[in-house]
Every structure is written in structure tokens, then in C-alpha cells.
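Here is a short, friendly tour of one model, best read with the structure open beside it. We will look at strands, a helix pair and a couple of backbone oddities.

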Amino acid sequence: MNYFSTRNDKGAFSAAQAMAMGLAPDGGLFVPETIPTVTLDELKALCAMDYRARAVNIMQRFLADFSKEELEGFVKNAYADNFDHPDVAPLRFTDEHTAFLELWHGPTCAFKDMALQMLPYLLTASLKKAGEARQVCILVATSGDTGKAALEGFADVPGTKIFVFYPSGGVSAIQRLQMVTQRGDNVGVCAVKGNFDDAQTGVKRIFGDADFAAELSGRGYFLSSANSINWGRLLPQVVYYFSAYCDFVNHGGLKAGEELVFCVPTGNFGNILAGWFASRMGLPVKRFVCASNANDVLTEFIHTGVYNKNRPFHLTISPSMDILVSSNLERLLYMLCGDEKTRGFMAQLSADGCYDVGETVRAQIGEQFYASCCDDTATKARIAEMWNTKHYLIDTHTAVAADAIAHYRAETGDETPAVVVSTASPFKFAADVCAALDLACGDDPLSALSDFCAIPVPKPLSGLDQRAVRFDGVTDKAEMRAVVDGFLR
């Protein structure tokens, strides 16, 4: 199993090389040369396994240069008592044909833990397999959740350093506290004046700076990524789609081989793309519902085939989705169009901020994806509705998905059983969840929400405001390279 760049499918890389590099040399994203298949009998066999065994079974199909024993060791360590639920990623049924896939039982209370507890093991092993003697610096741009999950995963991992940029004023108070109080001798954090796209563009610019790379190499460093542009981040996410399907079957909600609908809140398109890869492997998925907040660039793209980032940027109560440049969409375009057209689309996006994939590709995407968006008012209404009618507490991002699945069913009449992907603990966005429930929360929204719902505050979030702030820096986007340079000195 080799890997190619989305912008040049002539040069082949091993899985270890692809994960060690993060981004392809030409700026493209790595994709596997083939998509392995899972037969119905194999799917039934997965149903009898726990989450950890399912993870090994799925990931080993893409990682030819890793042994089963290696992966079993990685999985055992990644999904251990750092997760507060024995099923790791449990399903919560709200009615007979709807379940919420809770991906937030890990150490940072967000779905990014599902991949970022695994990535340090994959990456450090990849470096050894690739014969890399230099020290790696993981460079991350975050809209809120990736940053903390990456910091937690790589803190004090030998042979690594990690630096995270986040948009100043563009993450929740709890997300910010999680990052700026991070423990570890190899970590760094800095706010960027601007939005997430500014931070992400700045990080990509640093990755593409050949002179800086050469300078760092001379000092014994090279850069890699923990964002979902890294295949090692995306691959572990494929697992939980298979696991959710198996748990739905085991619950009795459908028979193995019958189709499910998955509804995914997404900004960078990585989470939903992982599900799409699962469907290409053979997971019976009828359709993916792409849920966006007021930053509706993906909704417009799926409806029209035109991707246009030239629009107002909205700060919302679902900040992890406040994104106008969805990097992982490039992988889908490659799988549908090939490297030449994808390279052209990305050049247009860089030059003009927009591109049009044409009616043929738009129709292909429309057959597989439905798209819906909602604003903050609708998001709050869904939180209240879910609590009042189902007694189920959801966060602001999951509420965007709850709104989208309701619109999908109303518009299409499709009552196929559905899994709504729940990406964060409601306590991570406690102030906004309290507002949606008309709760007065004062200066302690975590306690107010806990008292109202009779649900304990998750341990990783308890006492955050008592921890010392270690990182209070703010930089202009033009100075991000200098910040990284200083960190590595």
C-alpha cells in the first residue's frame, strides 16, 4: 500500500513516509493508492469485536509497513483508561432509528482524541521506519479542539516538540484554557490575530518555506503535522464509522448489510471524509449529511459545485466549525477527479479564492452528500429541544448536526436509520449550552450546567480555571514563522 500526493500521483511513498511528512512535498495531501475492501462476512466479524480490535482490523489494511502486533500495542495504549467509557466511542440511542455517536469520552472531551491519542504512536514509529534522525516539530493550526488534543497526545513524547496556533478570540473560553495551561516540556501555544483560516494559511506557508526547512534541518529539526491533513490523523477516524455501524447492528436497529445515514458536523471536511472512506471500503452508507454552521461554504459547494471562500467569516457558538477553507475536501476531489484537475482547483483557490468543479462532479457529490446549515439561533433551539424532548444533553456542534438530520428527513422523507456524530462534550461549551437552556450560569457555567442536568463535570474540564496560564502570547499572522523559529531555539 503506497501513498500519492493529491497533486501528483507519480511519486509513491510508504505509509510511514506519508505520516512522518504529514504534507506532500508539492503541498498536496497524501492518499492511499487503493481502497481496501471489507466484505459482509468481515463486517459481521467486526460486530463481535470491541472497539480496540476493530481499530486494529481496519487500520492494518492501510498500513502495510506496520505489523499487527505493533498496531495492537498502539491501540492498547491509545484507548486505555484515558477514556472514561468502556466502549471508547459509545452509541446513545434517542429513538429506535436515531443514535448519537459520542466521540468525546477521551482526555480532552472532543472527537479529536479518537485520532490524536493514536497519532503519537503512529508518528514516532513512522520516524524510526523512515530512518529519520532529526527531531520532529509538530505544527498545528486549530479552530479549538485539535490544538488541545494534539498537545495532550504529544506532551513529553520523546523526540518530538509541538507548537499550536489558535485564532485570538475565535475559540471558546474552555478551549483556550485547555491549551494555554497545557503541561509538558516540549509544548508551545500562541494566539494569532485573525481567524482560523489565517492561522491555517500561516501554518501551510511555513510548511511550504523551503529555506526555513533547510535552516531547521541544519539545526536537527523537521516539521510535520497533526492536523487532519496528516493521513495518520484521518485513518483512526475511519474506525469509528465501522464501530458505530457494528454497535447499531448489535443494538438490533438494523441487520448487517442494511444501510445507515451518517450526519456529521464538519468545517474542515476531515471527519465526514473519514466516513466516506469507510463507505468506499464497503460500509453500507446510504448518504452522508454534511452539517455546517453559519460559515456555510460546504453547504453551498455541495448544492452548486462552486467552492467560494470569498464571503463573510462568522464567529459562532460552534467555533470548531468556523472555517472557510476546508482542507480535506482536496482528498475527495482527487478521488473523484484525479491529480491534474485537483491541482488546478487548488491553484484557483489560492489565486481567486474559488473554483467550480462542474456539473458532472457536482452531481456525483450530490448523490453521496446532502448538506444543511444553521445559525446560532437554530443551534440553541436544537439544544433545548433535545433536552426537553429526549432528556439528552448535546453541545453546540452536535446541535448543528441534530438540526441537519431533521432537515434531511423532512426534505427527503428518508427514514433510514441514522447516526448523528457527536463531536464534543456539552460541558466543553457550557456557557452557550446554558444560554440555550435559559440557565443563569454566572461565572461558573460548568457547575451551573452540572447542577441543572445532574451530570458530573468531566474530570478533564474540572478545575481548569485554577491552573496556571503558561502561554499568553499573541502574534500577527506575518510573524508566525518567527514564533516557530524562536520556539525551536
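Which residue in β5 is the bridge partner of Leu91? Leu101 of β5 takes that role. Please keep in mind throughout that this is a predicted model.

**Strand β5 and its neighbours**

Leu91 belongs to strand β4, which covers residues 91-95. Strands β4 and β5 run antiparallel and share four bridges, and the hairpin that joins β4 to β5 has two residues in its connection. Strand β5 also pairs with strand β15, this time in the parallel sense and over five bridges. If you would like a point of reference for that pairing, start from Phe100, whose bridge partner in β15 is Val420.

The two pairings of β5 can be set side by side:

| Partner of β5 | Sense | Bridges | Example of bridge partners |
|---|---|---|---|
| β4 (residues 91-95) | antiparallel | four bridges | Leu91 and Leu101 |
| β15 (residues 418-422) | parallel | five bridges | Phe100 and Val420 |

How many of the residues of β5 are buried? Five of the five, across residues 98-102, so the strand is largely enclosed by the rest of the structure. The cover extends to both faces: one side presents Thr98, Phe100 and Glu102, the other Ala99 and Leu101, and all of them are buried.

**A pair of packed helices**

Two packed helices are described by the angle between their axes and the distance between the axes. For helix α2 (residues 40-47) and helix α11 (residues 231-251), the angle is about 75 degrees and the axes lie 9 Å apart. Because angles of 65 to 115 degrees count as roughly perpendicular, α2 is roughly perpendicular to α11. On the α2 side, the contact is made by Leu43, Leu46 and Cys47. Helix α11 answers with Phe242, Tyr245, Cys246, Val249 and Asn250. Sorted by class, the contact has seven nonpolar residues, one polar residue and no charged ones.

**Two positive phi angles**

Phe269 has a phi near 75 degrees, a positive value in a residue other than glycine. You will find Phe269 in the loop between β10 (260-265) and α12 (270-281). Asp438, likewise not a glycine, has a positive phi of about 60 degrees, and its place is the loop between α19 (430-436) and α20 (445-453).

Are these residues buried or exposed? Phe269 has a relative accessibility of 1% and therefore counts as buried, whereas Asp438 is exposed, with a relative accessible area of 71%.

How values were computed: Residues are numbered from 1 along each chain as its sequence is written. This is a predicted model: local features need pLDDT of at least 70, side-chain atom pairs count only at pLDDT 80 or more; totals for chains, interfaces and linings use all residues. Side-chain values use heavy atoms; hydrogens and water are left out. Axes are lines fitted to C-alpha atoms, for helices over the stretch in contact, and angles run from 0 to 180 degrees between N-to-C directions. Angles under 35 degrees count as roughly parallel, over 145 as roughly antiparallel, 65 to 115 as roughly perpendicular and the rest as oblique. Contact means heavy atoms within 4.5 Å. Ala, Val, Leu, Ile, Met, Phe, Trp, Tyr, Cys and Pro count as nonpolar, Asp, Glu, Lys and Arg as charged, and the others, Gly among them, as polar. Buried means under 20% relative accessible area, exposed over 50%, partly exposed in between (1.4 Å probe, protein chains only). Two strands pair if DSSP finds at least two bridges between them.
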